[in-house]
Structure formats: C-alpha cells, structure tokens
Amino acid sequence: MKTTKRNHGSPWTLQELEYVEKHYSKMSCADIGEHLGRSANAVRTIAQKLGCAPQKTPDWSDKEMKVIVDDSAQYPDWSNRDDIKAKLKVDLILLLHRYGFPPVANDEVYKSVLEQAENFKKYQQS
C-alpha cells in the first residue's frame, strides 16, 4: 500500500526551502524528505528549481545495492533462472522507488546492475 507524505501537494514553506538549501549537499533526498514529510523526488525537484549544487552523496549506499545483488547471486545458476532475476529486478525497483527515482529509468539500472553482477560472478570463479 502506498502511503502519502504528510505534506504531499501542499505549498513549500520558506522554512522548508531553507532546509533543503542548507542540507541538500550533505544529506540524501530521502533523508531530507523524511524530515520534511515530502518524497525524495519532491525534494530533488525543488532543489533543482532552487539551483542547489548537485548532491555529493548518493541516495542509497553501495552496501544496500551489494546486499540486494549478493542475495540473488548466491545461487550457482542464478543468472539462468528467471525467477531469481525477476526477484532481483523487483528488489532494485523497490530500492529506486524508496529513493524517489521514476520507474522509467528502472530497466536501464536493472540491466546495468545485472550485467555487472554477471561479470563479477563470472570472473570471480575463474
């Protein structure tokens, strides 16, 4: 079930805009959004409109991505099994959604991560 943020659709206050400007380069959009009751995507959009400097920290950690990939790639035949690849794709989509990324880019990200995981496992076993 999708939950609506407490400030969804309401106009941005001056205090919220100042908070975004102050913290955008130091915190993830998800963390800022959590504090303000806004989605990560809403924070990213308003930060762009405000002309904030690009974020220096990614919205998710490498560890989160690695855990998702390692969980799927633990099976020897994982890259040949559609059920495991489908679970990996869903997990990646959920991770991206949690941090406010639109579904359009999910296929590209999924394909890139899947390719990297396949290469890693292939060359790790050699």
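Is proline 11 buried or exposed? In this predicted model, proline 11 comes out exposed, because its relative accessible area is 68%, and the cut-off for that label is over 50%. Proline 11 sits in the segment leading up to helix α1. Setting aside neighbours within four places in sequence, proline 11 still makes contact with Glu16 and Arg38.

Stepping back to the whole chain, the protein has six helices and zero strands, so the pattern along the sequence reads simply α-α-α-α-α-α. Of its 126 residues, 33% are buried. The accessible surface adds up to about 8600 Å², and carbon and sulfur atoms hold 55% of that. As for how the chain comes together, take the contacts with a separation of 6 or more: 64% of them join residues 24 or more positions apart.

Helix α1 covers residues 14–23, and Glu16, Tyr19, Val20 and His23 are its buried residues. Looking down the axis of α1, these buried positions fall within an arc of 100 degrees, so they line one face of the helix. Leu14 and Lys22 are on the other side of α1, and both are exposed. The cover over the buried residues of α1 includes α2 and α3. Glu16, one of the buried residues here, is also one of the two residues that proline 11 touches.

Next comes α2, residues 29–36, where Cys29, Ala30, Ile32, Gly33 and Leu36 are buried. Down the axis of α2, the buried set stays within an arc of 165 degrees, which means that these residues line one face of the helix too. They pack against α1, α3 (40–50) and α5. Right after α2 comes glycine 37, with a positive phi near 75 degrees.

What about the aromatic side chains? The structure holds zero aromatic pairs, but two rings do have an arginine for company. Arginine 38 places its charged end over the ring of tryptophan 12, at 4.1 Å from the ring centre. Arginine 81 does likewise with tyrosine 75, its charged end lying 5.9 Å from the centre of that ring. Arginine 38 is also in contact with proline 11.

The largest nonpolar core has 13 residues, and the members touching the most others are Trp78, Leu88 and Leu92. Three helices each put at least two residues into this core: α4 (62–72), α5 (82–98) and α6 (106–124). A second core, separate from that one, has eleven residues, with Val20, Tyr24, Cys29 and Leu36 among them. Some of these names are familiar from the helices above: Val20 is on the buried list of α1, while Cys29 and Leu36 are on that of α2.

Back in the largest core, which residues does leucine 92 touch? Leaving out residues up to four places away in sequence, leucine 92 touches Met65, Ile68, Tyr110 and Val113. Serine 72, found in helix α4, also has contacts with members of this part of the protein. Serine 72 counts as buried because its relative accessible area is 3%, against a cut-off of under 20%. With residues up to four places away in sequence again left out, serine 72 touches Trp78, Ile84 and Leu88. Trp78 and Leu88 are the core residues already singled out, together with Leu92, for touching the most other members.

Notes:
Residues are numbered from 1 along each chain as its sequence is written. This is a predicted model: local features need pLDDT of at least 70, side-chain atom pairs count only at pLDDT 80 or more; totals for chains, interfaces and linings use all residues. Side-chain values use heavy atoms; hydrogens and water are left out. A nonpolar core is a set of buried Ala, Val, Leu, Ile, Met, Phe, Trp, Tyr and Cys residues joined through side-chain atoms within 4.5 Å. Buried means under 20% relative accessible area, exposed over 50%, partly exposed in between (1.4 Å probe, protein chains only). Helices (H or I, at least four residues) and strands (E, at least two) are DSSP runs, numbered from the N terminus. Contact means heavy atoms within 4.5 Å. The arc is that of the directions from the helix axis to the C-beta atoms. Rings of Phe, Tyr and Trp (its six-membered ring) pair if their centres lie within 6.5 Å; planes under 30 degrees apart count as stacked, over 60 as edge-to-face and the rest as tilted. A charge sits over a ring if NZ of Lys or CZ of Arg is within 6 Å of the ring centre and within 35 degrees of the ring normal. Accessible areas come from the Shrake-Rupley method with a 1.4 Å probe; for residues, only the protein chains shown count as cover.
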